[in-house]
Amino acid sequence: QVQLVESGGGLVQAEGSLRLSCAASGRTFSRYAMGWFRQAPGKEREFVGAVSGSGGTKYYADSTKGRFTISRDNAKNTLYLQVNSLKPEDTAVYYCSARIGSISYSPKDYDYWGQGTQVTVSL
């Protein structure tokens, strides 16, 4: 089983940047595909990006418009999301997630979830 803990969120101004981190427990981190999702108030949980276990394959949602970068450091059991040029519409709780197998766009395919970290973007 994997336990996930997000960090790095906060209050930033528009056009600012943040680096979100997700620390994972266990000794088999590289076996898990990892994903980032977000959920804004009153909206459904939305796919942001995902990365394969080795880090060799990455998928992004169209909504990121090239501003987000997903990465992982398997030696540190850590997943990252670099978010640049933030907009107020990026305001949401950001969740990291894990699944055994290939990467997926669907939150239904992920087995483990963190508690989330709040990102708030002001004008």
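## The open sheet

What is the strand order in the open sheet of 4 strands, and is the pairing parallel or antiparallel? The order runs 1-3-8-7, and the pairing is antiparallel. Strand 1 (4-7) and strand 7 sit at the edges with a single partner strand each, so one side of each has no neighbour in the sheet. Averaged over neighbouring strands and ignoring direction, the turn of one against the next comes to 15°. Keep in mind that we're looking at a predicted model here.

Zooming in on one pair, strand 1 and strand 3 are linked in the antiparallel sense over 4 bridges. One residue to look up is Leu4, whose bridge partner in strand 3 is Ala24. As background, strands of a sheet pair through backbone hydrogen bonds, in either a parallel or an antiparallel way.

## Ser21, on strand 3

Ser21 also belongs to strand 3. Is Ser21 buried or exposed? Its relative accessible area is 19%, and buried means under 20%, so Ser21 counts as buried. Setting aside neighbours within four places in sequence, Ser21 is in contact with Val5, Glu6 and Ser7, with Trp36, and with Thr78, Leu79 and Tyr80.

## The disulfide

There's 1 disulfide to report, and it joins Cys22 to Cys96 with an S to S distance of 2.0 Å. Cys22 lies in strand 3 while Cys96 lies in strand 9, so the pair ties together parts that are 74 residues apart in sequence. The torsion about the S-S bond is about 55°, which makes this disulfide right-handed.

How accessible are the two ends? Cys22 is buried at 0% relative accessibility, and Cys96 is buried at 0% as well.

## Nonpolar cores

The largest nonpolar core has 27 residues, and the members that touch the most others are Leu4, Met34, Trp36, Leu79, Leu81 and Tyr94. Elements giving two or more residues to this core include strand 3 (18-24), strand 4 (32-39), strand 5 (46-51) and strand 7 (68-73). Strand 8 (78-83), strand 9 and strand 11 (117-122) are also on that list. Apart from this core lies another one, of 7 residues, among them Ala33, Phe47, Ile103 and Tyr110.

Met34 is a handy residue to click on. Not counting residues up to four places away in sequence, Met34 touches Leu4, Cys22, Phe29, Gly49, Ala50, Val51, Ile70, Arg72, Leu79, Ser97, Ala98 and Tyr110.

## Arg99 and its surroundings

Arg99 is part of strand 9 (residues 92-100). Arginine or not, Arg99 is buried, with a relative accessible area of 16%. Which backbone oxygen does the side chain of Arg99 reach? The oxygen belongs to Asp109, and the distance is 2.8 Å.

Beyond four places in sequence, Arg99 touches Arg31, Tyr32, Ala33, Ser104, Asp109, Tyr110 and Asp111. For Asp111, 12 residues along the sequence from Arg99, the C-alpha to C-alpha distance is 5.2 Å.

## Trp113

Trp113 sits in strand 10 (residues 112-113) and is partly exposed, with a relative accessible area of 27%. Leaving out residues up to four places away in sequence, Trp113 touches Leu4, Phe37, Arg45, Tyr95, Cys96, Ser97 and Pro107. That list brings back Cys96, one end of the disulfide with Cys22. Trp113 and Ala14 are 99 residues apart along the chain, and 28 Å separates their C-alpha atoms.

Note on methods:
Residues are numbered from 1 along each chain as its sequence is written. This is a predicted model: local features need pLDDT of at least 70, side-chain atom pairs count only at pLDDT 80 or more; totals for chains, interfaces and linings use all residues. Side-chain values use heavy atoms; hydrogens and water are left out. Buried means under 20% relative accessible area, exposed over 50%, partly exposed in between (1.4 Å probe, protein chains only). Contact means heavy atoms within 4.5 Å. A polar contact is a pair of N or O atoms within 3.5 Å; within protein, one must be able to donate a hydrogen and the other to accept it, and residues adjacent in sequence count only if both atoms are side-chain atoms. A nonpolar core is a set of buried Ala, Val, Leu, Ile, Met, Phe, Trp, Tyr and Cys residues joined through side-chain atoms within 4.5 Å. Two strands pair if DSSP finds at least two bridges between them. Axes are lines fitted to C-alpha atoms, for helices over the stretch in contact, and angles run from 0 to 180 degrees between N-to-C directions. A disulfide is a pair of cysteine sulfur atoms within 2.5 Å.
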